[in-house]
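Subject: Structure handover and what was found in it

Dear colleague,

Here is the structure I promised to pass on to you, with my notes below it. Please look through the sequence and the coordinates before you read on.

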Amino acid sequence: MIARMGSTVTNIAIDCANAYQLARFWADVTGHPMDPEDGPGDDEIEVMLPGGPALHFNEVPEPKSAKNRLHLCLRPDTSRDAEVQRLLRLGASLVADRRKPDGWGWVVLADPEGNEFCVLLAESERAALSS
């Protein structure tokens with residue numbers, strides 16, 4: 001029998017100018033805490049996601065210069081539109097509105113440092129549109 005080989009994703013690294021401020025934003029977005037050992041002034045901060053990889057914020061000297069090639073897609077617990085409004089209040093900005101007249105689609109936002117992410121339909125919304 002041949003042993004399966006592979007790797008486990010332990011974190012998703014996000015380069016940024018201010019690790020603490022960006023981690024605080026994402027902790028608010030996800031509703032999950034930063035690592036209790038991390039704090040203001042640290043150049044690496046993690047937001048602990050249960051059952052999945054951590055979001056790892058790493059300070060780098062260069063600014064973001066182009067569209068992300070990898071981004072996060074969020075499935076809200078409430079509704080897509082309510083979550084978009086909540087995230088805008090937290091400091092996100094609107095990049096592109098991909099909502100369709102029939103209710104499907106998503107919204108592209110950017111975090112305070114310009115990293116794009118998507119807000120998808122909630123599972124309950126998907127089920128209602130599929131029936």
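What follows is an account of the chain as a whole, and then of its salt bridges and one residue in a helix.

Please keep in mind throughout that this is a predicted model, and that the values below were computed from it.

The overall chain

The secondary structure of the chain consists of three helices and seven strands, and when these are read along the sequence they follow the pattern β-α-β-β-β-α-β-β-β-α. Taken along the principal axes, the C-alpha atoms fill a box of roughly 50 × 45 × 30 Å. Of the 131 residues in the chain, 34% are buried, and the surface that the chain exposes comes to about 8500 Å², with carbon and sulfur atoms supplying 53% of that area. If one takes the contacts between residues at least 6 apart in sequence, 53% of them join residues at least 24 apart.

As for annotation, an unreviewed UniProt entry lists residues 8–122 as "domain: VOC". In the model, that span is 20% helix and 28% strand, and the C-alpha atoms at its two ends lie 27 Å apart.

Charges and salt bridges

The chain carries 13 positive and 21 negative side chains, and the centres of these two sets lie 12 Å apart. Side chains of opposite charge can pair when their charged atoms come close, and the structure holds six salt bridges, of which I describe some here.

One of them joins the side chains of K64 and E116, with a distance of 3.4 Å from N to O. This pair links distant parts of the chain, since K64 sits in the loop between β3 (54–59) and β4 (72–74) whereas E116 belongs to strand β7 (residues 116–119), and the two are 52 residues apart. The partners also fall into separate classes of accessibility: K64, at 36% relative accessibility, counts as partly exposed, while E116, at 17%, counts as buried because the cut-off for that class is under 20%.

Another salt bridge is formed by D81 with R80, where the closest N and O atoms are 3.0 Å apart. Here R80 is buried, with a relative accessible area of 5%, whereas D81, at 33% relative accessibility, counts as partly exposed. The side chains of D97 and R99 likewise meet in a salt bridge, at 2.7 Å from N to O, and in this case D97 is partly exposed at 41% relative accessibility, as is R99 with a relative accessible area of 32%. How are these four residues, R80, D81, D97 and R99, linked? They are joined in a network of salt bridges, so that the two pairs are best looked at together when you have the model open.

A buried residue in helix α2

The last point concerns E83, which is found in helix α2 (residues 80–90). Is E83 buried or exposed? At 10% relative accessibility, E83 counts as buried, because the class takes in residues under 20% relative accessible area. If its neighbours within four places in sequence are left aside, E83 is in contact with V29, P76, T78 and V119.

With best wishes

Terms used. Residues are numbered from 1 along each chain as its sequence is written. This is a predicted model: local features need pLDDT of at least 70, side-chain atom pairs count only at pLDDT 80 or more; totals for chains, interfaces and linings use all residues. Side-chain values use heavy atoms; hydrogens and water are left out. UniProt positions are given in the numbering used here, feature names are shortened, and annotations may be inferred rather than shown by experiment. Helices (H or I, at least four residues) and strands (E, at least two) are DSSP runs, numbered from the N terminus. Buried means under 20% relative accessible area, exposed over 50%, partly exposed in between (1.4 Å probe, protein chains only). Contact means heavy atoms within 4.5 Å. Accessible areas come from the Shrake-Rupley method with a 1.4 Å probe; for residues, only the protein chains shown count as cover. Lys and Arg count as positive and Asp and Glu as negative; His and the chain ends are not counted. The place of a charge is taken as NZ of Lys, CZ of Arg, CG of Asp or CD of Glu.
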